[in-house]
Amino acid sequence: MTIAAGFVATDGILLFTDTQYSGFEKTYREKIIRASSVPMVHFAISGDVDYAKSAIEDCRDAIKNIPYPEQSIWNVRKSIRRTIKRILEEYEARKLDPNQNLSF
């Protein structure tokens, strides 16, 4: 189980997650990934790491496609929501693993 949380602070938002990956073997790695094109956007991952990172890359691309003057938090949020909706629809269409649920 992944735990991720964020708290509003006076100078930003404090984000944290646990670091344990469990699967074939237990390892410990960072689970917070920064969307490099927009410093205000970070992602926390869980579940299938490769699939989660692929979804993050799709979200990064969607953010990059927003013209710079229009990169407000609201437009970034809408772009991410559209991208995640498409990813979930593709996942449902493929049924990659019937025992694994994908959630964002």
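Read along the sequence, the protein chain runs β-β-β-β-β-β-α-α. That makes two helices and six strands. The model is predicted. The protein chain has 104 residues, and 26% of them count as buried. A search of the whole structure finds five salt bridges. The points below go from the strands to the helices, then to the charged pairs.

**The β1–β2 hairpin**

- Strand β1 covers residues 4–9, and strand β2 covers residues 12–17.
- The two strands pair in the antiparallel sense, over six bridges.
- Two residues separate β1 from β2, and the strands form a hairpin.
- Two facing pairs help to place the strands by eye. V8 stands opposite I13 in β2, and A9 stands opposite G12 in β2.

**A nonpolar surface patch**

- F7, L14 and F16 form a nonpolar patch on the surface.
- Together these residues have about 300 Å² of accessible area.
- F7 belongs to strand β1.
- F7 is partly exposed because its relative accessible area is 47%, which lies between the 20% and 50% cut-offs.

**G47, ahead of the first helix**

- G47 sits in the loop between β6 (42–44) and α1.
- G47 counts as exposed because its relative accessibility is 59%, and the cut-off for exposed is over 50%.
- G47 and S22 are 25 residues apart along the chain. Their C-alpha atoms are separated by 8.9 Å.

**Helix α1**

- Helix α1 spans residues 49–64 and has 16 residues.
- From first C-alpha to last, α1 reaches 22 Å. This is close to the 22 Å expected at 1.5 Å a residue.
- Buried positions in α1 are V49, Y51, A52, A55, I56, C59, R60, A62 and I63.
- R60 is on that list, and its relative accessible area is 15%. R60 therefore counts as buried, since the cut-off is under 20%.

**The loop between the helices**

- Q71 is found in the loop between α1 and α2 (73–94).
- The Q71 side chain reaches two backbone oxygens. One belongs to I63, at 3.3 Å. The other belongs to I66, at 3.2 Å.
- I63 is one of the buried residues of α1.

**A salt bridge in α1**

- Side chains of opposite charge can pair when their charged atoms come close.
- R60 forms a salt bridge with E57. Their closest N and O atoms are 2.6 Å apart.
- Both residues lie in helix α1, three residues apart. That is about one turn of the helix.
- The two partners differ in exposure class. R60 is buried at 15% relative accessible area, whereas E57 is partly exposed at 38%.

**Salt bridges in α2**

- E89 forms a salt bridge with K85, and the closest N and O atoms are 3.6 Å apart.
- E89 and K85 both lie in helix α2, four residues apart, about one turn of the helix.
- E89 is partly exposed, at 46% relative accessibility. K85 is exposed, with a relative accessible area of 52%.
- R86 forms a salt bridge with E90 as well, with the closest N and O atoms 2.8 Å apart.
- R86 and E90 are four residues apart in helix α2, so about one helical turn separates them.
- R86 is partly exposed, with a relative accessible area of 35%. E90 is also partly exposed, at 29%.
- Salt bridges that share partners join R86 and E90 with D58 into one network.

**Points to check in the viewer**

- For the hairpin, start at V8 and I13, which stand opposite each other.
- For the patch, show F7, L14 and F16 together on the surface.
- For the loop between the helices, show the Q71 side chain with the backbone oxygens of I63 and I66.
- For the charged pairs, show R60 with E57, E89 with K85, and R86 with E90.
- For the network, add D58 to R86 and E90.

Technical notes. Residues are numbered from 1 along each chain as its sequence is written. This is a predicted model: local features need pLDDT of at least 70, side-chain atom pairs count only at pLDDT 80 or more; totals for chains, interfaces and linings use all residues. Side-chain values use heavy atoms; hydrogens and water are left out. A polar contact is a pair of N or O atoms within 3.5 Å; within protein, one must be able to donate a hydrogen and the other to accept it, and residues adjacent in sequence count only if both atoms are side-chain atoms. Two strands pair if DSSP finds at least two bridges between them. The expected span of a helix is 1.5 Å times one less than its number of residues. Buried means under 20% relative accessible area, exposed over 50%, partly exposed in between (1.4 Å probe, protein chains only). Patches are made of residues with over 30% relative accessible area and no salt bridge: like charges are joined within 9 Å, nonpolar side chains (Val, Leu, Ile, Met, Phe, Trp, Tyr) within 5 Å. Accessible areas come from the Shrake-Rupley method with a 1.4 Å probe; for residues, only the protein chains shown count as cover. A salt bridge is a side-chain nitrogen of Lys or Arg within 4 Å of a carboxyl oxygen of Asp or Glu.
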